[in-house]
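Biologist: Please put the chain on the screen. I will then ask what each of your terms rests on.

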Amino acid sequence: MFPRHAAALLTGPRLLAAALGLWCLSAVPSQAILFYDTGDANHNTTAPTGTFEDSGWQYEGKYGSYLGTIIAPQYFITAQHYGTQGGTFTHSGIFNGGSDVIYNIDLAANGGAGYWDIAGTDLRIFKVEEYFPYYAPLYTGTLEVGLTLVTHGMGGPRGDEVLVGGDLHGWEHTGSDATARWGTNTVSGIYSTALGDLLTASFSASGTLHEASLSGGDSGGGVFVNDGGVWKLAGVNYSIDGRFDTNNTTGDGSDFDAALFDRGGLYQGSDAFGWSYNPDLPLDNPSNLYASRISTNAAAIMSIAVVPEPHSALLVMLAALCGVCQRRRITPQP
Ligand SMILES: [Ca+2]
Ligand SMILES: [Ca+2]
Ligand SMILES: [Ca+2]
C-alpha cells in the first residue's frame, strides 16, 4: 500500500505524504481527534482520569492552531509541515489545571531561524524565553508496536457518515472548532520513510476505549505510550491515509477526507497522483494515522532541547549556599 519509490522524487512533506498515500494534517486546518464511539463534540476535551490520567494531556500547549508538547524546561516539540504560527505558546488552563500561561517563543533562537528542525523528519523544536513548570519524558525504547497510545490534537468532532452500498464505513472530517481533544489507539507498526520512521495505528471498529483517528489540524500534537507505568512522548502527529473517493474520475471534486474503519469499496489517492481501489472484503481495511517517531530521534532532540542534569541544579544551590558560608566564615568575629 506504500508506493515508497515515488517519495524520493518529491521534496515537500505534503508531496511526500501524497506519494505515500497519506494526507498531511494541515491540508484542512483545525479539525481534530475523531472517535469511533461518539460524535459528541465535548468528548475528551478535559484532562483524562482513570486509566489515562497523566497520559500526556498535561504536557500539551497551543501553538497557533496546533498543539506542541513540552519536552524540556524551555522547549516544546511539534511538526514542521504546517508552518510557523507566531510568537507565543500557550499552556492552557485545560492542560495545566489552572489558568492559561503564555510563553514567548525565542524568535532569535538557532542563529535567527527561530526553531530547530530535526533533519530528515517532520519534527520541529522551539525555545521559549521563560520556564515551563514540568515537561514530558521521551520514549527512547524500540518496543512501541502493540502499545496503547494516547494522541492529542485540535479541532472538530467527526462529520458525515461515509456509506458504501448503504453500510457505514467511517466518517468524513468536519470543519474546525479549535478545541483540543485526546484519544487513544494501538501502535500497529513502524514505517521507514524519507521523512524518518513513522508510528502507525489503524482506526479499528473493535479498538481501544476512546479509539480515535486524526484529521486536519491534529498535526504537531503529542503521541504518548506507557513505558512501565510512565506515559512518555513517542510520536508527533504527522498524517493520515487519504484522500478518498467513490470514483477515480479526476476534477469532479468528489474526493474527501475521512476516518474509515473500512476503506473497502473506496478509492484512495489524489487527482494529482492517481487513485487505487480498495476491494470491499468481509474483513475491515481501516485507515491509519501516522506520527513521527521520537525514539530514533531522541539523541538529536536532546542535543537541542537540553534538560539540565538534576545534580547541576543541586550544584548551583550548593554553590550559593557555600557562598553564604564563605562570606560568613570570613566575617571577622567580634
Ligand atoms: Ca486501532
Ligand atoms: Ca473524483
Ligand atoms: Ca468490507
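Biologist: Which residue in E20 stands opposite Gly170?

Modeller: Leu260 holds that position in E20, facing Gly170. This is a predicted model, in which local features need pLDDT (the predictor's confidence in each residue, from 0 to 100) of at least 70, side-chain atom pairs count only at pLDDT 80 or more, and totals for chains, interfaces and linings use all residues. Residues are numbered from 1 along each chain as its sequence is written, while chains are lettered from A and ligands numbered from 1 in the order in which they are written.

Biologist: What makes E20 a strand with that number?

Modeller: Strands (E, at least two residues) and helices (H or I, at least four residues) are DSSP runs, numbered from the N terminus. The protein chain has four helices and 23 strands.

Biologist: How do you know that E12 and E20 pair?

Modeller: Two strands pair if DSSP finds at least two bridges between them. Strand E12 (residues 167-172) and E20 have three bridges, so they pair, in the antiparallel sense. E12 also pairs with E11, again antiparallel, over four bridges. There Val162 stands opposite Gly170. E11 and E12 form a hairpin with two residues between the strands, and Gly165 in the turn has a positive phi of about 55 degrees.

Biologist: Why are E11 and E20 said to stand at the edges?

Modeller: E11, E12 and E20, in that order, form an open antiparallel sheet of three strands. Strand E11 (161-164) and strand E20 (258-260) each have a single partner strand, so one side of each is left without a neighbour in the sheet. From one strand to the next, the twist averages 35 degrees (axes are lines fitted to C-alpha atoms, for helices over the stretch in contact, and angles run from 0 to 180 degrees between N-to-C directions).

Biologist: Which strands are at the edges of the sheet E19-E21-E22?

Modeller: That open sheet has three strands in the order E19-E21-E22, with antiparallel pairing. Strand E19 (244-245) and strand E22 (274-277) are the edge strands, each pairing on one side only. E19 is joined to strand E21 (residues 267-270) by two bridges, and Asp245 stands opposite Tyr267.

Biologist: Why is Gly221 called buried?

Modeller: A residue is buried if 20 or more other C-beta atoms (placed from the backbone) lie within 10 Å of its own, exposed if 12 or fewer, and partly exposed in between. Gly221 has 31, so it counts as buried. Gly221 lies in the loop between strand E16 (212-213) and strand E17 (222-227).

Biologist: What makes a residue a contact of Gly221?

Modeller: Two residues are in contact if their C-beta atoms, placed from the backbone, lie within 7 Å. Leaving aside neighbours within four places in sequence, the contacts of Gly221 include Glu60, Leu67 and Asn237. Thr151 is also one of them; its C-alpha atom is 6.8 Å from that of Gly221, though the two are 70 residues apart along the chain.

Biologist: How many residues of strand E4 are buried?

Modeller: Seven of the seven residues in strand E4 (residues 66-72) are buried, and E4 is mostly covered. Across the protein chain, buried residues make up 48% of the 334. E4 has antiparallel partners in strand E3 (residues 60-63), over four bridges, and in strand E5 (residues 75-79), over three. Gly61 faces Gly68 in E4, and Thr69 faces Ile77 in E5.

Biologist: What makes a set of residues a nonpolar core?

Modeller: It is a set of buried Ala, Val, Leu, Ile, Met, Phe, Trp, Tyr and Cys residues joined through C-beta atoms within 7 Å. The largest one here has 68 residues, and Ile71 and Ala234 have the most contacts inside it. Strand E18 (residues 230-241) gives the most to this core, with six residues. Beyond its neighbours within four places, Ile71 touches residues including Phe76, Tyr135, Leu233 and Ile301 by the contact rule.

Biologist: Over which residues is the pLDDT below 50?

Modeller: The mean pLDDT of the protein chain is 86, and 82% of its residues reach 70 or more. The pLDDT is below 50 over residues 1-16, a stretch with 26 contacts in the model beyond near neighbours in sequence. It is also below 50 over residues 322-334, where the number of such contacts is zero. Where pLDDT is low, the predicted coordinates should not be read in detail.
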